[in-house]
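Please follow the structure below from its charged side chains to its sheet, keeping sequence and coordinates side by side.

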Amino acid sequence: MPLARLLALSVLAAACAGPGRTLRGDLAFVDLQARLAATAAALEGRAGEFQVRGVRFNADCSGFVEAVYEAEGVPLRRLMAIAAPRASSGVEAAFHAMERFGTVTRDTSAWPAPGDLVFFDDTYDRNGDGVPNDPLTHVGVVEWVENGTVVFMHRGGRAVARAAMTPGAPAVAASGERVLNSPLRDKRAAASRAWRPDVLAGALFAAYGRLDPAKLPPDVSLDHAPGAAGAGGESTPSSATCTAAAPKSSCESRRTTGITAPAGSR
């Protein structure tokens, strides 16, 4: 694991500390965050709907983050329904779930930890009025932060992909071979006079969101999430299974993520 990722997790562990918290609980939460990032990364290239233990999730950005969290035992879809039952989109519902059951910050100087959600505005013309005035249109899962660049996984137009965002240089696409900001808006729409010319992640950043175990409903326990440390301190494997007939690459992916693709999807 790169040093930057270890530092991010260390900062997260320190941030978790507080009255009524235990070291074991804090470490379990940090482990959960790391597993969320790893699960998201393992789905790179996956297209179509997502399926977690028989539950289907849409083949879009909010369905992707719901599936990633569900695979690690976090019922994000239910939290979204509780926090925003009348939300107009899955991204908006996920944002309000983080507000109610965690922490949301729009501070570009704050660095997220692996597993956090990252939200964006105006990635497409959701209301069709030709004006860049659409908040909370896209969401991804933070994988790591390195040299001021936030690397995140998201469900793009074709499949799950890795992208980058550099808040300190929001209008710069790359520095040499290093990607600083990935394009998130349809370039054809961005070329329209009604749209501002930037299409890059840094310019479209809206907020970071992180769940707080202390704010979750009483019947939601992250201690019992798949892969979370059990009473003996050992990890419990994902409940997803692989059949002997499954290709090895598919089997290994399922063991890693707990997410399977419904029949007929990639």
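In this predicted model, a convenient place to begin is the network of salt bridges that links Asp31, Arg35 and Glu72. Within this network, the side chains of Asp31 and Arg35 meet in a salt bridge with an N to O distance of 2.9 Å. Both residues belong to helix α2 (residues 23-42), where, being 4 residues apart, they are separated by about one helical turn. Their surroundings can be described by accessibility: Asp31 is partly exposed, with a relative accessible area of 30%, whereas Arg35, at 14%, counts as buried, because the limit for that class is under 20% relative accessible area.

A search of the whole structure finds 8 salt bridges, and two further pairs can be followed here. Glu66 forms a salt bridge with Arg77, and the closest N and O atoms are 2.9 Å apart. Since Glu66 lies in helix α3 and Arg77 in helix α4 (residues 76-83), this pair ties together parts that are 11 residues apart in sequence. Glu66 is buried, with a relative accessible area of 8%, while Arg77 is partly exposed at 36%.

The side chains of Glu143 and Arg162 also meet in a salt bridge, at 2.7 Å from N to O. Here Glu143 lies in strand β5 and Arg162 in strand β7, so the pair ties together parts that are 19 residues apart in sequence. Glu143 counts as buried at 7% relative accessibility, and Arg162 counts as partly exposed at 34%.

These two strands lead to the sheet itself, an open sheet of 6 strands in the order β3-β10-β4-β5-β6-β7, with antiparallel pairing. Its edge strands are β3 (102-105) and β7 (160-165), each of which pairs on one side only, and the twist averages 30 degrees from one strand to the next. Strand β4 (residues 117-120) and strand β10 (residues 205-211) pair in the antiparallel sense over 4 bridges, and the bridge partner of Phe119 in β10 is Ala207.

Two helices can now be placed against these strands. Helix α5 (residues 90-101) packs on the sheet, where it touches β3, β4, β5 and β10, and its direction makes about 115 degrees with that of β3. Helix α3 (residues 61-71), which carries Glu66, lies across β4, β5 (138-146), β6 (149-155), β7 and β10, running at about 60 degrees to β5.

Conventions
Residues are numbered from 1 along each chain as its sequence is written. This is a predicted model: local features need pLDDT of at least 70, side-chain atom pairs count only at pLDDT 80 or more; totals for chains, interfaces and linings use all residues. Side-chain values use heavy atoms; hydrogens and water are left out. Two strands pair if DSSP finds at least two bridges between them. Axes are lines fitted to C-alpha atoms, for helices over the stretch in contact, and angles run from 0 to 180 degrees between N-to-C directions. Contact means heavy atoms within 4.5 Å. A salt bridge is a side-chain nitrogen of Lys or Arg within 4 Å of a carboxyl oxygen of Asp or Glu. Buried means under 20% relative accessible area, exposed over 50%, partly exposed in between (1.4 Å probe, protein chains only).
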